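Visitor: Hi! Could you walk me through this one? I'd like to start with how two of the helices meet.

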Amino acid sequence: MTGLVILRSEVLVILRSEVLVILRSEVLVILRSKVLVILRSEGLVILRSEATKDLLYFVFLRKMRKFRVIMIETLKDTRNLPDSALEELLESHDATLAQRLKDTAREVCLKVKGPEVLIRGLIEWSNVCRNDCLYCGIRRSRLGVPRYSLTAEQIQECCERVWNDGIPTFVLQGGENPAAAEGLIPTIKEIRRRYPSAAITLSLGELPFELYAALKEAGANRYLLRHETANPEHYASLHPAGMRLDCRLACIRELKFLGYETGMGMMVGSPGQTTLNLIEDLRLMQEMAPHMIGIGPFIPQDGTPFENCPSGSAETTLRLIAIMRLMFPEANIPATTALATLLPGGKQIGIQAGANVIMNVYTPITERRKYSLYKGKTDV
Ligand code: 5AD
């Protein structure tokens, strides 16, 4: 069945091959091949079908639970939902609904990505950073952080430990520092020479296009660059003047253009963030189609402008992981260290909500506590 259904005047229509979703706050209409379902806030379901047996459904939904469950199914089937429904999934106090969202995401993850959790070896190679992001514990102006950069030999030693643990993916992460990033080129070439089949992921911030190209040429093939927030004003409130969302997004586009598997992501609950901002993040990612999505709760760090701000919510983080799994079934989504810092067992719980990647830290113990992005990180 195809066609247009108009239900009252405020109805929004989204047409997909199999499913038609019409959703505006309290009204949901789903059209699945031969079946038309109309749900209303009063709880009445009217179901029409060419097949008489389908007429058996006639349900009163006083508590709207079924209505909400259908939202999850619709997200799963169409990989999309209107803003109002996303808002409801993120904010609902219905614990059963939230659990169902996570279970559905886990189910989709198992089906699309398989049962294996992918392990990455994270090497925090340097905490020297030219940026002064207001949330970050290694921001340039934060005093009392002993700065370090691993030598080429130390990086190779880390890679060897990662490889010997059976992990085929190295993630080299560090503060934003273009000169130092350029200095990494021979090291990356050497890693590529030693481990031809490994994945080399970089997370080194915003760099000139030519440098991204040179790092790719040297053997790197993945890059993580969180966009942090899709809202330009919110972005400006988290970063010093001079840093711009446009520039961040331009970098992400360049990385994709160069053929990197590219990751985006944001902090959940960063100061000033609203649920609507999170929905803007989801919309931006729908547009950019990242291969990887990293999200974690904001956690304040002493000695930063946000030191007295509250942490983000682990529960919202988990719901977002689940929503992202349903929106981007193929994406690699880690259960992050920040989540585990806030929530004991968070990595496992993140996997249960639809994440499929875990990053294990291989930074030498002596330097690990200096990579102090947020409070409590070293305890993990
Ligand atoms: N809390 C949580 N995550 C943080 N990051 C930086 N500072 C914090 C913080 N205080 C995240 C940012 C960055 C990644 C490397 O770490 O999202 O992209």
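Guide: Sure. In helix 6, Ile-185, Ile-188, Lys-189 and Arg-192 meet Ala-214, Leu-215 and Ala-218 of helix 7. Two residues are in contact if their C-beta atoms, placed from the backbone, lie within 7 Å. Helices (H or I, at least four residues) and strands (E, at least two) are DSSP runs, numbered from the N terminus.

Visitor: Is this a predicted model, and how are residues numbered?

Guide: This is a predicted model, where local features need pLDDT of at least 70 and side-chain atom pairs count only at pLDDT 80 or more, while totals for chains, interfaces and linings use all residues. Residues are numbered from 1 along each chain as its sequence is written.

Visitor: Back to that helix pair: at roughly what angle do the axes of helix 6 and helix 7 cross?

Guide: Roughly 30 degrees, and the axes of helix 6 (residues 185–194) and helix 7 (residues 209–218) come within 8 Å. That makes helix 6 roughly parallel to helix 7. Axes are lines fitted to C-alpha atoms, for helices over the stretch in contact, and angles run from 0 to 180 degrees between N-to-C directions. Angles under 35 degrees count as roughly parallel, over 145 as roughly antiparallel, 65 to 115 as roughly perpendicular and the rest as oblique.

Visitor: And what classes of residue are in the contact of helix 6 with helix 7?

Guide: That contact has 5 nonpolar, no polar and 2 charged residues. Ala, Val, Leu, Ile, Met, Phe, Trp, Tyr, Cys and Pro count as nonpolar, Asp, Glu, Lys and Arg as charged, and the others, Gly among them, as polar.

Visitor: New topic. Which residues surround the ligand?

Guide: Among them are Tyr-135, Cys-136, Arg-226, Glu-228, Met-267 and Tyr-374. To count as near, a residue needs its C-beta atom, placed from the backbone, within 6 Å of the molecule. The shell divides into 8 nonpolar, 2 polar and 2 charged residues.

Visitor: Glu-228, then: buried or exposed?

Guide: Glu-228 is buried, because 24 other C-beta atoms lie within 10 Å. The cut-offs are 20 or more for buried, 12 or fewer for exposed, and partly exposed in between, counting other C-beta atoms within 10 Å of the residue's own, all placed from the backbone. Glu-228 sits in the loop between strand 9 (222–224) and helix 8 (232–238). Its phi is positive, about 75 degrees, although Glu-228 is not a glycine.

Visitor: What about Ala-289, where is that found?

Guide: In the loop between helix 10 (275–288) and strand 11 (292–297). Ala-289 has a positive phi too, near 50 degrees. Ala-289 is exposed, with 12 other C-beta atoms within 10 Å.

Visitor: OK, how far apart are Trp-125 and Tyr-362?

Guide: They're 237 residues apart in sequence, and 9.7 Å apart in space, C-alpha to C-alpha. Trp-125 lies in strand 6 (residues 118–126) and is buried, with 29 other C-beta atoms within 10 Å. Tyr-362 belongs to the loop between strand 12 (357–361) and helix 14 (365–368). Leaving out residues up to four places away in sequence, Tyr-362 touches several residues, including Gly-121, Leu-122 and Ile-123.

Visitor: Last one: how many residues of helix 11 are buried?

Guide: 12 of its 14 residues are buried, including Ala-314, Thr-317 and Arg-319.
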